[in-house]
Amino acid sequence: MNHTIDSTRETSEARTTEERFVTPATAIRQSNDGSYLIEAEMPGVSKEGIEISVDQNELIITGRRAFPSTDGRVVYREIRRANFRRVFELDGSIDRNRIAARIENGVLRVTLPLAEQVKPRKITVEG
Amino acid sequence: MKLIRYPETLVSNWTPFDQLASIRDDFNRLFESGFAPLFREARMLGGWAPALDVHEENDALVVIAELPGMKKEEIDISLHKGLLTISGERKEETPSDEGKFHRNERFYGKFSRTVSLPAEVDANGVTASYRDGLLTVRLPKSEEAKPKQITVGEN
């Protein structure tokens with residue numbers, strides 16, 4: 001059964017050219033000033049493999065990695081041969097122009113600050 | 001009575017296997033979103049267990065482990081009686097005054113994985129490197145373990 005699907009996969013994938021993606025394990029935090037921090041685990045991905053885009057109210061992060069190729073035989077395999085992708089829906093209060101990201105040791109960190117006027121402000125009472 | 005032959009571009013071939021492929025993709029998605037968290041939970045009983053690959057080349061064994069967000073010093077590699085153990089502890093990198101969690105799928109804390117090596121290795125020649133969150137351990141095979149060509153003699 002696997003063989004049938006695998007052998008026909010070449011023909012169908014050639015047509016659709018769909019990439020294989022896996023969802024990265026992610027932690028989302030919010031700090032006291034309201035800004036968000038997304039930490040997504042993408043082992044094997046370096047800066048060049050990262051693609052981040054904002055479309056309407058969606059934040060899309062994609063991480064591509066080169067798979068270790070050995071001329072040996074595979075004894076045991078758990079690492080998924082797929083790239084990473086995740087889509088987040090953005091709150092209207094996030095300032096898209098100031099979204100920043102960096103990747104270190106396979107962990108992508110995206111900071112999403114809030115737009116200035118949305119931050120909690122204290123209003124002093126006159127008189 | 002004429003037999004009309006349609007050029008390839010007008011009529012696209014219907015291949016039933018296209019649908020099989022999309023069913024397969026749906027299954028993948030199901031396993032990823034639905035079962036993946038369960039799978040992790042099962043591993044949690046023994047602690048966090050990073051994914052690893054073991055490859056065998058002619059001259060060496062190569063073990064690759066996914067260990068994102070670690071420092072080299074936090075990773076321990078030991079070899080004993082044909083068993084390779086990769087262990088360590090992952091601390092939270094950002095201090096918790098970074099804010100409260102909305103969602104956390106990442107594991108922290110101690111982890112340990114042991115694999116039984118399929119060939120004898122030379123412990124003195126073992127090297128390891130950590131890059132982009134991937135740990136690669138290269139274990140050269142001992143002389144006896146390397147594949148040998150045996151020539152057939154005349155008599």
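This passage walks through the fold of chain A, a sheet in chain B, and the salt bridges of the structure. The model is predicted, and every value below is computed from it.

A good place to begin is the make-up of chain A, which has one helix and nine strands. Starting from the N terminus, the helix comes before the strands, in the order α-β-β-β-β-β-β-β-β-β. Chain A comprises 127 residues, and 41% of them count as buried. Its exposed surface comes to about 7,900 Å², with carbon and sulfur atoms supplying 46% of that area. Among contacts in chain A with a separation of 6 or more, 51% are between residues 24 or more positions apart.

Within this chain, strand β9 (residues 107-112) makes a helpful landmark. Five of its six residues are buried, so β9 of chain A is largely enclosed by the rest of the structure. Strand β3 (residues 36-41) of chain A runs antiparallel to β9(A), and six bridges join the two. In this pairing, Glu39(A) stands opposite Arg109(A) of β9(A). Strand β8 (residues 100-104) of chain A also pairs with β9(A) in the antiparallel sense, here over five bridges. Ile103(A) has Leu108(A) in β9(A) as its bridge partner. The connection from β8(A) to β9(A) is a hairpin with two residues between the strands, and Asn105(A) in the turn has a positive phi of about 50 degrees.

Turning to chain B, three of its strands make an open sheet in the order β3-β4-β6, with antiparallel pairing. Strands β3 (75-80) and β6 of chain B stand at the edges with a single partner strand each, so one side of each is left without a neighbour in the sheet. From one strand to the next, the twist averages 15 degrees. Six bridges connect β3(B) with strand β4 (residues 83-90) of chain B in the antiparallel sense. Ser78(B), for example, has Thr85(B) in β4(B) as its bridge partner.

The charged side chains come next. Side chains of opposite charge can pair when their charged atoms come close. Over all chains, the search of the whole structure finds 19 salt bridges. One of them joins the side chains of Arg73(A) and Glu56(B), with an N to O distance of 2.8 Å. This pair crosses between chains, linking strand β6 (residues 73-76) of chain A, which holds Arg73(A), to strand β1 (residues 52-56) of chain B, which holds Glu56(B). Arg73(A) counts as partly exposed because its relative accessibility is 48%, whereas Glu56(B), at 15%, counts as buried.

A salt bridge also forms between Arg86(A) and Glu105(B), whose closest N and O atoms are 2.8 Å apart. This pair too crosses between chains: Arg86(A) lies in strand β7 (residues 83-89) of chain A, and Glu105(B) in the loop between β5 (100-104) and β6 (109-116) of chain B. Here Arg86(A) counts as buried at 14% relative accessibility, while Glu105(B) counts as partly exposed at 21%.

In chain B, the side chains of Arg131(B) and Asp132(B) meet in a salt bridge at 3.7 Å, N to O. Arg131(B) is exposed, its relative accessible area being 61%. Salt bridges with shared partners also join Arg29(A), Glu39(A), Glu41(A), Arg109(A), Arg90(B) and Arg106(B) into one network. Two members of that network, Glu39(A) and Arg109(A), have already appeared above as residues standing opposite each other, with Arg109(A) in β9(A).

Note on methods:
Residues are numbered from 1 along each chain as its sequence is written. Chains are lettered from A and ligands numbered from 1 in the order in which they are written. This is a predicted model: local features need pLDDT of at least 70, side-chain atom pairs count only at pLDDT 80 or more; totals for chains, interfaces and linings use all residues. Side-chain values use heavy atoms; hydrogens and water are left out. A salt bridge is a side-chain nitrogen of Lys or Arg within 4 Å of a carboxyl oxygen of Asp or Glu. Helices (H or I, at least four residues) and strands (E, at least two) are DSSP runs, numbered from the N terminus. Buried means under 20% relative accessible area, exposed over 50%, partly exposed in between (1.4 Å probe, protein chains only). Contact means heavy atoms within 4.5 Å. Accessible areas come from the Shrake-Rupley method with a 1.4 Å probe; for residues, only the protein chains shown count as cover. Two strands pair if DSSP finds at least two bridges between them. Axes are lines fitted to C-alpha atoms, for helices over the stretch in contact, and angles run from 0 to 180 degrees between N-to-C directions.
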